[in-house]
Amino acid sequence: MKLPPFEVHRPSSLYDASRLLRDLGGDGVPINGGTELLLAMKLGLAQYDHLVDLKRVPELRGVRPISTSVSIGAGMTHRELEGSPVIAEAVGEMPRMLAEVANVRVRSVGTIGGNLCFADPHSDPATFLSAVEATLVLGDGSTSRRVPVDQFFLGAYETVLEHGELLVEVTVPAVPVGTGIAHMRMKVHERPAVTVAAKVTLERDTIVRARLVVGSVCGAPVLPQAIDKLIGASRGTWSERVREVAAASAAAVAPVADAEGSSRYKQALVEVFVRRALDAALANASGFTR
Ligand SMILES: Cc1cc2nc3c(=O)[nH]c(=O)nc-3n(C[C@H](O)[C@H](O)[C@H](O)COP(=O)(O)OP(=O)(O)OC[C@H]3O[C@@H](n4cnc5c(N)ncnc54)[C@H](O)[C@@H]3O)c2cc1C
């Protein structure tokens with residue numbers, strides 16, 4: 001596998017990077033760690049004459065606490081985020097989720113922004129960030145817009161990003177008291193075959209809010225409606241309801257059959273992993289209940 005020839009540009013601001021991409025049109029593409037893009041180019045699946053390297057763009061760097069959330073630069077590597085005390089303090093499950101992505105070589109250069117923008121269906125961050133209701137800031141250095149993560153993906157390898165627009169930061173709400181989050185996944189090959197993330201909020205031992213995201217089995221993360229069955233369940237009844245939600249969620253998703261398994265096999269995985277994720281999120285929420 002040999003890379004075709006290309007020219008690398010290294011802009012030093014978000015504005016310059018976006019302007020360059022607009023000027024280059026379809027011949028140019030942004031690159032960060034290159035773990036996805038260079039592989040696609042080596043395989044001949046994508047070809048660009050110009051790569052716009054984002055590593056020197058300061059707007060894409062850093063982790064900052066802002067009021068009740070954390071703002072994460074899209075150019076931060078998985079490894080940098082895994083070790084961030086600010087993220088650990090606000091969203092304790094996130095470093096654990098990131099530590100499971102790929103392997104240490106990929107995590108050391110691959111970025112959170114590259115993961116989301118490539119929109120490979122087998123993504124841990126896409127599932128997790130949809131469940132915790134994270135928001136993405138997309139911009140070009142002069143204008144910006146906010147998009148909830150669950151509205152960012154149009155399908156496999158497709159997002160709402162316009163040409164020249166970049167993912168600048170990911171805003172993740174801090175987990176409030178009484179809320180539990182869990183991320184569960186299974187992999188046989190390099191990437192996860194199933195990812196499930198759940199978020200539940202308890203008030204006086206009753207479930208008042210619940211959110212569930214199933215990822216890696218369809219083109220983009222799916223939010224099963226069946227999760228609404230959990231609302232109002234109390235400690236005595238929620239085990240039964242969790243099982244109902246798991247079965248209904250598995251029946252509702254239409255997994256894509258691929259090298260990871262058949263559609264029916266993946267539905268079986270979804271049922272098991274939804275149950276595990278909800279049980280774990282409820283256990284986490286119970287630990288924080290006032
Ligand atoms: C062996 C292997 C195993 C993996 N396992 C997992 C796994 O278990 N779980 C998981 O979730 N992921 C997994 N991945 C995916 C991994 O997380 C991504 O490869 C990595 O995060 C991509 O980041 P990057 O900076 O290298 O992206 P790049 O390759 O630099 O870019 C990827 C795409 O995003 C675009 N892009 C990058 N940054 C921006 C930006 N700021 N704005 C707009 N567009 C941008 C690029 O143009 C390109 O199209 C695996 C990858 C490999 C190679």
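A disulfide is a pair of cysteine sulfur atoms within 2.5 Å, and this structure holds zero of them. The model is a predicted one, where local features need pLDDT of at least 70 and side-chain atom pairs count only at pLDDT 80 or more, while totals for chains, interfaces and linings use all residues. Residues are numbered from 1 along each chain as its sequence is written, and side-chain values use heavy atoms, with hydrogens and water left out.

**View 1. Two cysteines, Cys-117 and Cys-218.** Start with how covered each of them is. Residues here are called buried under 20% relative accessible area, exposed over 50%, and partly exposed in between (1.4 Å probe, protein chains only). Cys-117 has 27% relative accessibility, so it counts as partly exposed. Cys-218, at 13%, counts as buried.

**View 2. The ligand and its surroundings.** A residue is taken as near the ligand if one of its heavy atoms lies within 4 Å of it. There are 31 residues around the ligand, and Pro-30, Asn-32, Thr-35, His-78 and Thr-111 come nearest. Sorted by class, this shell has 15 nonpolar, eleven polar and five charged residues. For that sorting, Ala, Val, Leu, Ile, Met, Phe, Trp, Tyr, Cys and Pro are nonpolar, Asp, Glu, Lys and Arg are charged, and the others, Gly among them, are polar.

**View 3. Polar contacts of the ligand.** A polar contact is a pair of N or O atoms within 3.5 Å; within protein, one must be able to donate a hydrogen and the other to accept it, and residues adjacent in sequence count only if both atoms are side-chain atoms. One ligand oxygen sits 2.9 Å from a polar backbone atom of Glu-36. An oxygen atom of the ligand is also 2.7 Å from an N or O atom in the side chain of His-78. Look for a ligand nitrogen too, 2.8 Å from an N or O atom in the side chain of Asp-124. On its own the ligand has 980 Å² of accessible area, and the protein covers 94% of that. Such areas come from the Shrake-Rupley method with a 1.4 Å probe, and for residues only the protein chains shown count as cover. Two or more shell residues come from each of β2 (28–31), α7 (112–118), α8 (124–131) and β10 (166–173). The largest share, four residues, belongs to α7. Element names like these are DSSP runs numbered from the N terminus, with helices (H or I) of at least four residues and strands (E) of at least two.

**View 4. Asp-124 in helix α8.** Asp-124 lies in helix α8 and has a relative accessible area of 3%, so it is buried. Its side chain makes polar contacts with the side chains of His-183 at 2.9 Å and Arg-185 at 2.8 Å. Contact in general means heavy atoms within 4.5 Å. Leaving aside neighbours within four places in sequence, Asp-124 is in contact with Met-97, Val-101, His-183, Arg-185, Pro-192 and Thr-195.

**View 5. Helix α8 from end to end.** How many of the eight residues of α8 are buried? Eight of the eight are, so the helix is largely enclosed by the rest of the structure. Among them are Pro-125, Phe-128 and Leu-129. Ser-123 caps the N-terminal end of α8, with a side-chain oxygen 3.0 Å from the backbone nitrogen of Ala-126.

**View 6. Two residues with positive phi.** Most residues other than glycine have a negative phi. Ser-67 has a phi near 50°, a positive value, and its place is the loop between β4 (63–66) and β5 (69–73). With 76% relative accessibility, Ser-67 counts as exposed. Glu-133 has a positive phi near 60° and lies in the loop between α8 and β6 (135–139). At 41% relative accessible area, Glu-133 is partly exposed.

**View 7. Glu-93 in helix α5.** Glu-93 is found in α5, which spans residues 93–98. Buried or exposed, at 16% relative accessibility? Glu-93 counts as buried. The side chain of Glu-93 makes a polar contact with the side chain of Arg-96, at 3.0 Å. Not counting residues up to four places away in sequence, Glu-93 touches Phe-128, Ile-181, Ala-182, His-183 and Asn-284.

**View 8. Ala-90 in helix α4.** Ala-90 is found in α4 (residues 85–90) and counts as buried at 14% relative accessibility. Not counting residues up to four places away in sequence, Ala-90 touches Val-70, Ala-174 and Val-175.
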